[in-house]
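Biologist: Could you take me through the salt bridges in this predicted model, one by one? I would love a close look at where the partners sit.

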Amino acid sequence: MSYTKYTKFNKIELEKREWPTKQIENAPTWCSVDLRDGNQSLPTPMNVEEKLKMFKLLVNMGFKEIEIGFPSASKTEYKFLRTLIEEDLIPKDVTVQVLTQAREQLIEKTFEALKGAKSAIVHVYNSTSELQRRVVFKKSKEEIIEIAVHGAKLLKEYSKKYPETNFTFEYSPESFTGTELDYALEVCEAVLEVLEPTAEKKAIINLPSTVEMATPNVYADQIEWFSKNIKNRDNVIISLHTHNDRGTCTASSELGLLAGADRVEGTLFGNGERTGNLDIITMGMNLYSQGIDPKLDFSNLNNIIKVYEECTKMTVNERHPYAGKLVYAAFSGSHQDAIRKGLLAIKEENNNKWEVPYLPIDPHDVGREYEEIIRINSQSGKGGTAYILESEFGFILPKAMHEEFGKIIKEKSDALGSELNADDIFKYFKNEYLERKQPYRLKTYEIKSLQNVETDKNMVNIKATISINDSDKIIEGTGNGPIDAFFNAFHKYHVNGCKFISYDQQALESGSESRAVSYIQVESNNKRYFGVAISENIDTAALNALVCAINRSNS
Ligand code: KIV
Ligand code: ZN
């Protein structure tokens, strides 16, 4: 690995840095750049319909500033902005932002595209870093300042031609993180001298980590230094725009806010050039989970994901913070146990505070559900199989049966050498219990009620046809209930040394169509066996469960 060809980023000399001791107290002003930075980096950029759909989503989420594109760059971009304006699709409290390079033709076209807009942010940029000046533009520092100042002058000049629009100006020293700080300040102040912002009509200075080059604390130092050194700080909105080259753009934006920034640009799910932009959902939900109103609505994340995926043709990763398919799922038994206890404690304490181990937020807040994923393998506890039968198929096994069935499943998993899913488990449950019809099978039965006058007790007499290894036999017995009578009948004719242990019964579905499931345990030769059966008739379920238990004890 030739890591020696890379150079370490120099630390920032910042005396008495303040950001490390601060806390974020409020949401910043958000600006979505989905329709520009996000769009320009898509393998298939959005068409006008898709851009409209995305715009509506952003508006519904509560964005008040939306960079809608680069209208001078293509017909689609131009047409999209005209559609928004001509069809009156921009709500009164929403300001559209447009990006342009500092070139007259492009600026002229940009203003033309904005004609009729009530308010707009015109965003001009040029690259300022040492590397870009030397390698790409081959221009001196002074020449780069000239480009920026020229752009600012054009913004002022063209804005005067459209007095019906309330313009705000934004300037980005593109590649700011690779720009000498004092020089970045010099460029921005030269631009501001032209724009002449005031405290009432501020200009936006956007300080992008166009390429993320260092740890987030370095970006925070750059922002704090800039915010403390810029003249007339009150006339300026300091905006952040972080990319994710090192995977730390969320931290960079968060620390940048601590360092004094007012505004944050980003996209949904971090779509954007290369490794992407800041994900506003992550940053917004980070605020939310600290009890801070993010001023954006994430309560229907599934719909946000749906529209995002339809428009961008990108997918949201299963592990994406707050949004991924798996982020509210627990696989580990100990995590599940802790979560169950946490959820129970919340119910009991009833103080409207969320404190659940392994779940930093309540999934319901973003329209999601907590999911327990139980994987059954030879190492799983016996409770796991019972939990699957209950949660997936509605069978509430008696506690004493957990061990018996857990052992059966463990042996199957051992033999297969793989994990079993819920369907596999149900298949083995059916095989072992519900479909166990040999050697005995109950074919018909008749129950009569008898009154024993001498003991003054109700008795039951049962007459049943059973098939024994496929030949029929009639058996008869009396007892204090159908199960007792049937057990006695069975004993009389066939089964010796088998003892009745327990009987449990539950309804499988609720309502009039419901079926009963019976669980009966018997003991034979000092070993215990469960039998299970289902029927719409309670007696049939119980008698068949007994036959099942006897069959299992015979195998
Ligand atoms: O990343 C960047 O520097 C940009 C600018 C145009 C603001 O997208
Ligand atoms: Zn960008």
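**Salt bridges, pair by pair**

Modeller: Happy to! Glu50 counts as buried because its relative accessible area is 17%, under the 20% cut-off. Its side chain meets that of Lys313 in a salt bridge, with N to O at 2.5 Å. This pair links distant parts of the chain: Glu50 belongs to helix 2 (residues 48–61), while Lys313 lies in the loop between helix 11 (301–312) and strand 9 (329–330), 263 residues apart. Unlike buried Glu50, Lys313 is exposed, at 51% relative accessibility.

Now to another pair, Arg552 and Glu404. Their closest N and O atoms are 2.7 Å apart in a salt bridge. Arg552 is part of helix 17 (residues 538–553) and Glu404 part of helix 14 (residues 399–416), so this salt bridge ties together parts that are 148 residues apart in sequence. Here both Arg552 and Glu404 are buried.

There is also a network to look at: Glu18, Lys22, Glu224 and Lys228 are joined into one by salt bridges that share partners.

Then come two residues next to each other in number, Arg36 and Asp37, whose side chains form a salt bridge at 3.6 Å, N to O. Arg36 is buried, with 8% relative accessible area, and Asp37 is buried too, at 3% relative accessibility.

As for the total, searching the whole structure gives 30 salt bridges, and the pairs with Glu50, Arg552 and Asp37 are among them.

Note on methods
Residues numbered from 1 in each chain as written. Chains lettered and ligands numbered in written order. Predicted model: local features only at pLDDT ≥ 70, side-chain atom pairs only at ≥ 80, totals over all residues. Heavy atoms only, no water. Salt bridge = Lys/Arg side-chain N within 4 Å of Asp/Glu carboxyl O. Buried < 20%, exposed > 50% of the residue type's maximum accessible area, 1.4 Å probe, protein only. Helix = DSSP H or I, 4+ residues; strand = E, 2+ residues; numbered from the N terminus.
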